[in-house]
Amino acid sequence: WGKKSSDERIAICESLIGWGAGYADIVKENKLFEHYYKELGLVPDGEFDQFMEAMREPLPSTIRITGYKSHAKEILHCLKEKYFKDLQELEIEEQKIDAPQPLSWYPDEQAWHTNISRKIIRKSPLLEKFHQFLVSETESGNISRQEAVSMIPPLLLSIQPHHKILDMCAAPGSKTAQLIEMLHSDMDIPFPEGFVIANDVDNKRCYLLVHQAKRLNSPCIMVVNHDASCIPTLQVDVDGKKDVLYYDRILCDVPCSGDGTMRKNIDVWKKWTTSNSLHLHGLQLRIAVRGVEQLAVGGRMVYSTCSLNPIEDEAVIAALLEKSEGALELADCSGDLPGLKWMPGVTSWKLMTKEGQWFLDWSEVPSSRHTQIRPTMFPPKDPEKLADMHLERCMRILPHHQNTGGFFVAVLVKKAPMPWNKRYPKTSAVPSPTPEGTPQEAVEDPPEEKSDTKGTEEAPKGSKQDKLCGPPPSKKIKLFGYKEDPFVFLTEDDPVFTTIQSFYDLAPGFPKLNVLTRTHDGKKRHLYMVSKELRNVLLNNSERMKVINTGVKVWSRNSDGEEFGCAFRLAQEGIYTLQPYIRSRIIQVSVEDVKVLLTQENPFLNKLEDKAHAQAKEMVMGSIVLKYIPNPNNPAEPQCPIQLCGWRGKTSIRAFVPRNERFHYLRMLGVEVFRDKQGLGQKSKDAETEANDKMERDVEEGEDVDLENGGENLSEPQTDSEGEVPL
């Protein structure tokens with residue numbers, strides 16, 4: 001089983017459970033869906049057939065260039081000058097391959113789409129190099145395979161490096177990655193003032209989130225595991241006093257029925273029913289209410305779904321605006337993403353049951369259905385109040401307008417504290433957290449409903465009616481029972497710093513208090529760093545939060561290093577964070593030096609050019625920084641800094657860089673890296689697969705890859721007829 005490809009495994013599973021050809025057998029028809037959206041009139045007149053035709057077409061492949069800005073420019077150059085040119089005028093399986101095009105509304109040509117399906121990219125020998133490029137660059141965090149409409153919410157948040165950001169329903173993490181990138185838009189600032197707290201209710205999905213976030217090596221990200229509808233109120237220390245943490249930006253991408261994803265999630269065709277939206281509306285509203293409670297005055301929250309249904313979209317926004325009593329307003333974002341085609345939000349809609357019964361107003365709903373259908377699902381009745389909401393400022397993206405998935409997004413700005421915050425001012429005493437870790441502060445209590453007529457308002461939190469609007473309640477979280485190592489911050493006089501300080505000659509401004517480890521007992525294996533602001537959050541909320549992961553690894557213990565003066569070697573993950581504070585152990589390398597270091601396992605010192613060779617000879621054995629500084633007078637070379645972790649041995653030097661990062665830097669230097677699969681026997685194929693799998697596991701677990709023991713042979717490159725290095 002372990003030696004079978006993913007496609008072979010899928011085929012076996014499908015035959016075992018009787019699916020036959022799997023998705024290919026699913027008929028892309030759902031009469032209820034067509035009837036419902038025709039009646040609602042969300043699609044412009046005369047376009048409904050185009051809309052349905054687009055929904056049945058496969059979704060185009062889209063990629064987004066990630067990483068820091070200067071590296072992103074180099075990746076874009078590599079894509080345009082090499083891989084995209086190779087894709088022009090290709091025909092595969094009788095399908096003409098269109099040249100990739102940039103998404104017109106995404107800034108700086110950092111997002112592209114093509115009509116090549118994932119299946120063709122994986123299977124076609126003509127696209128093998130492009131496929132390897134995508135896989136390798138995705139794993140090293142430089143490219144994201146992300147649906148186009150999914151890229152919209154982070155762009156509308158207008159993030160600055162000082163913003164405190166909450167991503168409420170973050171997994172699997174593609175939007176979270178965008179948020180992190182925006183914080184690090186200036187590479188010269190190793191510790192931006194802002195941070196991202198990425199939350200998800202599903203513990204397993206949190207680890208997928210960690211894997212995605214780790215690719216960006218940021219000290220400003222924390223992954224937590226809570227129900228977004230009751231995510232704890234956090235506290236921070238401000239000038240020696242405890243204060244509530246309010247966020248400058250909140251991404252509220254809520255769970256939804258997903259009917260906008262039919263082009264990629266084909267099983268939605270047979271599972272779609274109007275009851276999905278009715279069941280989710282209450283949960284979506286609770287999550288949105290919890291979000292705006294934690295939003296700072298003047299901050300903005302983006303609410304988004306991959307559903308086209310007004311019950312999950314405008315109805316939630318209208319209910320939220322009504323509850324806010326003027327504290328919230330919809331922002332006009334019509335000019336924020338020039339080139340993006342979208343439909344304005346609607347101000348009237350009706351509701352349909354799965355049996356096909358329509359209701360125009362709450363007054364028409366029989367009492368027997370009051371548990372499934374709530375008054376907040378209908379448009380406000382007061383025309384003046386409805387006009388003041390400006391629901392037309394919501395944005396609905398229809399698939400046939402720009403060959404995308406379906407999507408809904410609304411941007412809310414907080415103008416004043418929420419009304420229930422005013423009615424229940426915060427007390428000076430801080431109550432003990434509940435077993436779920438949510439402090440029951442009056443300042444964050446939801447509004448009490450004040451209606452004399454039973455059933456005319458949404459049921460209060462915790463009522464039987466309310467529970468029927470969402471999924472079953474989750475089990476109580478035992479904050480001290482989950483299997484995560486503790487986060488222990490080092491003190492300034494920790495003995496670990498004695499040798500580190502002298503060996504690397506750390507600058508006086510190095511923030512020792514931001515260094516943490518994951519163990520109370522025994523020797524410290526790895527040292528991590530977080531930003532000052534995240535340290536503040538961690539220290540003040542250990543009993544409130546279920547933290548899954550935070551920080552970026554900067555040093556790892558290496559027992560062999562003790563005899564050379566320091567037991568900790570530098571870790572590649574944290575080199576861009578740490579290097580500005582290191583004043584020794586730095587060797588300045590050229591483009592040719594980097595090529596040698598990344599293609600040879602253990603080159604002798606004299607393989608380096610004279611300048612780097614002279615610097616290396618003066619250095620004692622141990623961990624080093626290999627630093628490439630771009631030359632603006634030579635545009636043919638990469639115009640972004642490159643920093644690699646290395647080891648200065650007795651007579652040789654080596655780079656400690658994971659495989660995919662090696663490939664990334666080599667591509668930036670103009671070296672074509674391609675693993676030639678032709679002519680390999682079965683035994684060697686299996687050996688290669690096993691070695692590659694081991695290395696990928698090492699990279700995923702955050703371990704630096706030892707290329708001498710078990711890695712691919714990257715000794716002197718053998719150039720083929722095309723001048724490429726087969727790896």
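Which residues does H163 touch, not counting residues up to four places away in sequence? In this predicted model, H163 touches S158, L183, G194, F195, D248 and R249. This briefing describes the surroundings of H163, the nonpolar cores, the strands around β12, and the loop that holds S117.

**H163 and its surroundings**

- H163 is located in the loop that lies between α7 (152-156) and β7 (164-167).
- The relative accessibility of H163 is 6%, and this residue therefore counts as buried, since buried means under 20% relative accessible area.
- A polar contact is made by the side chain of H163, which reaches the backbone nitrogen of Q160 at 2.9 Å.
- Two of the residues that H163 touches are D248 and R249; strand β12, described below, spans residues 247-253.

**Nonpolar cores**

- In soluble globular proteins, nonpolar side chains tend to be buried together.
- The largest nonpolar core in this model has 127 residues, and the members that touch the most others are W105, I197 and I317.
- Helix α11 (residues 274-293) supplies the largest share of this core, namely eight residues.
- Apart from this core lies another one of 55 residues, which includes V496, F503, V552 and A567.
- Leaving aside neighbours within four places in sequence, I197 is in contact with I165, L166, D167, M222, V224, L234, L245, Y247, L534 and V537.

**Strand β12 and its partners**

- Strand β12 (residues 247-253) is largely enclosed by the rest of the structure, because six of its seven residues are buried.
- Strands β7 and β12 pair in the parallel sense, and three bridges connect them.
- Within this pairing, D167 has L251 of β12 as its bridge partner; D167 is also one of the residues in contact with I197.
- Strand β13 (residues 295-305) runs parallel to β12 and is joined to it by six bridges.
- One of the bridge partners in β13 is M301, which is matched with I250.

**S117 and its loop**

- S117 is found in the loop between β5 (111-114) and α5 (118-123).
- With a relative accessible area of 24%, S117 is partly exposed, because this value lies between the limits of 20% for buried and 50% for exposed residues.
- S117 and I97 are 20 residues apart along the chain, and their C-alpha atoms are separated by 9.8 Å.

Notes:
Residues numbered from 1 in each chain as written. Predicted model: local features only at pLDDT ≥ 70, side-chain atom pairs only at ≥ 80, totals over all residues. Heavy atoms only, no water. Helix = DSSP H or I, 4+ residues; strand = E, 2+ residues; numbered from the N terminus. Buried < 20%, exposed > 50% of the residue type's maximum accessible area, 1.4 Å probe, protein only. Polar contact = N/O pair within 3.5 Å; in protein donor to acceptor, adjacent residues only side chain to side chain. Contact = heavy atoms within 4.5 Å. Core = buried A, V, L, I, M, F, W, Y, C linked by side-chain atoms within 4.5 Å. Pairing = 2+ DSSP bridges.
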